[in-house]
Amino acid sequence: MKEYFLGTEYEISSAGGETGQAFIATKEDEKFFLKRNSSPFLAALSAENIVPKLVWTRRVENGDVITAQKWVDAHILSAREMSNARVAKLLSKIHRSKPLQQMLQKIENSTFSAEKLLYNLRVYEAQFGETEAEAFLYLEENKNQILSFEHVVCHGDMNHNNWMVSQQDELYLVDWDSAMLADHTLDLSMLLYQYIPRDEWERWLNEYGEAYSISLHQKLKWYGICQTLTRIYAEDTPLQERKKACQLLKVILDDNEV
């Protein structure tokens with residue numbers, strides 16, 4: 001369809017996705033990825049080359065804020081490709097970035113401690129089935145073993161569909177709507193349990209820049225259970241993804257190494 005966007009005629013089409021907030025805009029030889037009401041954190045991510053370049057941000061007549069990013073022809077990483085060292089190194093860069101941490105702190109002004117994440121899950125307690133109740137009990141009983149006083153920028157949705165490589169071989173991590181300040185194992189747990197075979201954890205963690213330890217494994221299990229439970233009960237989780245999360249929860253609960 002055609003829309004008059006900021007006084008200039010663009011061809012606008014949906015970019016897909018679950019929220020209906022993302023679009024592709026083309027005009028002559030220009031092509032942008034548009035998103036409605038993205039976080040202002042996007043500018044900091046663009047400056048660090050973690051997402052495709054942010055071209056402009058504008059407020060339109062209805063009050064929405066539209067961001068335009070450079071269109072990138074890219075392929076989405078497969079589940080198998082998540083074991084690549086480049087993924088570990090980019091995630092490490094994000095978690096260790098002080099500019100990103102300072103910017104998100106200004107925007108959000110809050111951190112998600114283990115206690116806060118657990119508190120947020122209690123609202124769903126009446127809906128828990130047997131496995132979910134067992135998982136929640138594990139979180140309650142082990143929360144004091146995973147205390148952390150360092151909170152970093154976490155993406156919050158380690159799905160392989162959010163990782164892409166451009167035709168120029170640039171790796172990006174996109175879709176930052178779930179970004180938060182939390183313990184770094186919040187991201188690591190979901191990536192490792194979903195995509196990395198257990199016998200490759202030490203190798204992958206070395207690429208990330210951290211040595212494997214039992215205490216780290218305990219935190220990975222705790223945050224993996226917490227994040228998966230959250231995914232199961234989040235209102236915007238599609239049915240198919242909810243089913244996958246239920247299966248993953250059983251896998252993590254059955255991790256008896258810690």
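Reader: What makes strand 9 and strand 10 a pair?

Author: Three bridges join strand 9 (residues 163–166) to strand 10 in this predicted model. Two strands pair if DSSP finds at least two bridges between them, so these strands qualify. They run antiparallel. One bridge partner of note: Trp163 is matched with Leu173 in strand 10.

Reader: Which helix packs on the sheet there?

Author: Helix 2 (residues 85–95) does, touching strand 9 and strand 10. The direction of helix 2 makes about 50 degrees with that of strand 10.

Reader: What is the strand order of the open sheet?

Author: The three strands are ordered 7-9-10, with antiparallel pairing.

Reader: Why do strand 7 and strand 10 count as edges?

Author: Strand 7 (74–76) and strand 10 (171–173) each have a single partner strand, so one side of each lacks a neighbour in the sheet. Neighbouring strands of this sheet are turned by 30 degrees against each other on average, direction ignored.

Reader: Why is helix 6 called oblique to helix 7?

Author: Helix 6 (residues 185–195) and helix 7 (residues 201–208) pack at about 140 degrees, with axes 11 Å apart. Roughly antiparallel needs an angle over 145, and roughly perpendicular covers 65 to 115, so helix 6 is oblique to helix 7. Their crossing is right-handed.

Reader: Which residues make the contact of helix 6 and helix 7?

Author: Helix 6 supplies Leu188, Leu191, Leu192 and Tyr193. Helix 7 supplies Trp201, Trp204, Leu205 and Tyr208.

Reader: How do the residues of that contact divide into nonpolar, polar and charged?

Author: Eight are nonpolar, with no polar and no charged residues. Leu, Trp and Tyr count as nonpolar, so the residues fit that division.

How values were computed. Residues numbered from 1 in each chain as written. Predicted model: local features only at pLDDT ≥ 70, side-chain atom pairs only at ≥ 80, totals over all residues. Heavy atoms only, no water. Helix = DSSP H or I, 4+ residues; strand = E, 2+ residues; numbered from the N terminus. Axes fitted to C-alpha atoms, helices over the stretch in contact; angles between N-to-C directions. Contact = heavy atoms within 4.5 Å. Parallel < 35°, antiparallel > 145°, perpendicular 65-115°, else oblique. Left-handed = near helix turned anticlockwise from the far one by under 90°.
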